[in-house]
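Here is a short report on one protein chain. Keep the sequence and the model side by side as you read.

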Amino acid sequence: MNDDTAGVTIRRATPADAAAAADVWLRSFDAALPTVVRPRSDDEVRNYIRDVVVPLRETWVAETTDPGQREIVGIMVLNGDLLSQLYLAPDRRGQGIGDRFVALAKERSPQGLQLWTFQVNKPAHRFYERHGFVAVEHTDGRGNEEREPDVRYVWRP
């Protein structure tokens, strides 16, 4: 899906993208979830994205197309029917990049998708519900590293 819309292209991540993708993940998490305690250090997150996410998962990045200033501004990770991660640079929210990522995820997993998000992340709830996802399970957070109450969403075509 190398289409270029609004100066951003979405493409498969390469090993060279890992550091920039991790930086987007860290900035996005901190901006969107200031009350959620991360159980891993910045370096641990960077290593995980470099050593596990990019080489072993279906990882996509959103990259600006300005030849003089190419920049990774989003990351989406699919693991089977699990949309396991979707993070955007904080200054890129609301520009349609997330919509394009979700459309791609639905194209890659046409039989359906599921995802988890934290209960405190109300903007994410609205975003996914707008894309047809339905909340099917709420937990107290015992099943995630952050120990933060979460919600599982499902999309079925």
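## Alanine 22 in helix H1

Alanine 22 sits in helix H1. The model is predicted. Is alanine 22 buried or exposed? Alanine 22 is buried, because its relative accessible area is 0% and buried means under 20%.

Alanine 22 and phenylalanine 127 are 105 residues apart along the chain. Their C-alpha atoms are separated by 22 Å. Helix H1 covers residues 18-32 and supplies at least two residues of the lining of the largest pocket.

## The largest pocket

The volume of the largest pocket is about 1300 Å³. Its lining counts 48 residues, and the closest to the centre are Ser84, Gln85, Leu86, Tyr87 and Trp116.

Which elements build this lining? At least two residues come from each of helix H1 (18-32), helix H2 (42-56), strand S4 (72-79), strand S5 (82-88), helix H3 (97-108), strand S6 (113-118) and helix H4 (122-130). S5 gives the largest share, with seven residues. By class, the lining has 25 nonpolar residues, 13 polar and ten charged.

## Strand S4 and its partners

S4 supplies part of the pocket lining. Is S4 largely enclosed, or open? Seven of its eight residues are buried, so S4 is largely enclosed by the rest of the structure.

S4 pairs with two strands. Strand S3 (residues 58-64) runs antiparallel to S4, and six bridges join them. Here threonine 59 stands opposite valine 77 of S4. S5 also pairs with S4 in the antiparallel sense, over six bridges. Asparagine 79 has leucine 82 in S5 as its bridge partner.

S4 and S5 form a hairpin with two residues between the strands. In that hairpin glycine 80 takes a positive phi, near 65°. As background, side chains in a regular strand alternate between the two faces of the sheet.

## Helices H2 and H3

H2 has 15 residues. At 1.5 Å a residue they should span 21 Å, and the end C-alpha atoms are 20 Å apart, which agrees. H2 still bends, by about 40° at isoleucine 49. Which residues of H2 are buried? They are Val45, Ile49, Val53 and Val54. The bend residue, isoleucine 49, is thus listed among the buried ones.

H3 has twelve residues. From first C-alpha to last, H3 reaches 16 Å, close to the 16 Å expected at 1.5 Å a residue. The buried residues in H3 are Ile97, Gly98, Arg100, Phe101, Val102, Leu104, Ala105 and Lys106. Charged side chains appear in that list, including Arg100 and Lys106. H2 and H3 each supply at least two residues of the pocket lining.

## Strand S8 and the loop before it

Valine 154 lies in strand S8. Valine 154 is buried, because its relative accessible area of 12% is under 20%. Glycine 112 is 42 residues away from valine 154 in sequence, yet the two are 7.4 Å apart in space, C-alpha to C-alpha.

Arginine 147 lies in the loop between strand S7 (134-138) and strand S8 (150-155). What is unusual to check here is the backbone: phi of arginine 147 is near 60°, a positive value in a residue other than glycine. Is arginine 147 buried or exposed? Arginine 147 is exposed, because its relative accessible area is 54% and exposed means over 50%.

Note on methods: Residues are numbered from 1 along each chain as its sequence is written. This is a predicted model: local features need pLDDT of at least 70, side-chain atom pairs count only at pLDDT 80 or more; totals for chains, interfaces and linings use all residues. Side-chain values use heavy atoms; hydrogens and water are left out. On a 1 Å grid over the protein atoms alone, a cavity is a set of points where a 1.4 Å probe fits but cannot get out, and a pocket is an open set with protein on both sides within 12 Å along at least five of seven lines; lining residues have an atom within 4 Å of a point. Grid points are joined across faces, edges and corners, and a volume is the space filled by probe spheres set on the points. Helices (H or I, at least four residues) and strands (E, at least two) are DSSP runs, numbered from the N terminus. Buried means under 20% relative accessible area, exposed over 50%, partly exposed in between (1.4 Å probe, protein chains only). Two strands pair if DSSP finds at least two bridges between them. The expected span of a helix is 1.5 Å times one less than its number of residues. The bend at a residue is the angle between axes fitted to the seven residues ending there and the seven starting there.
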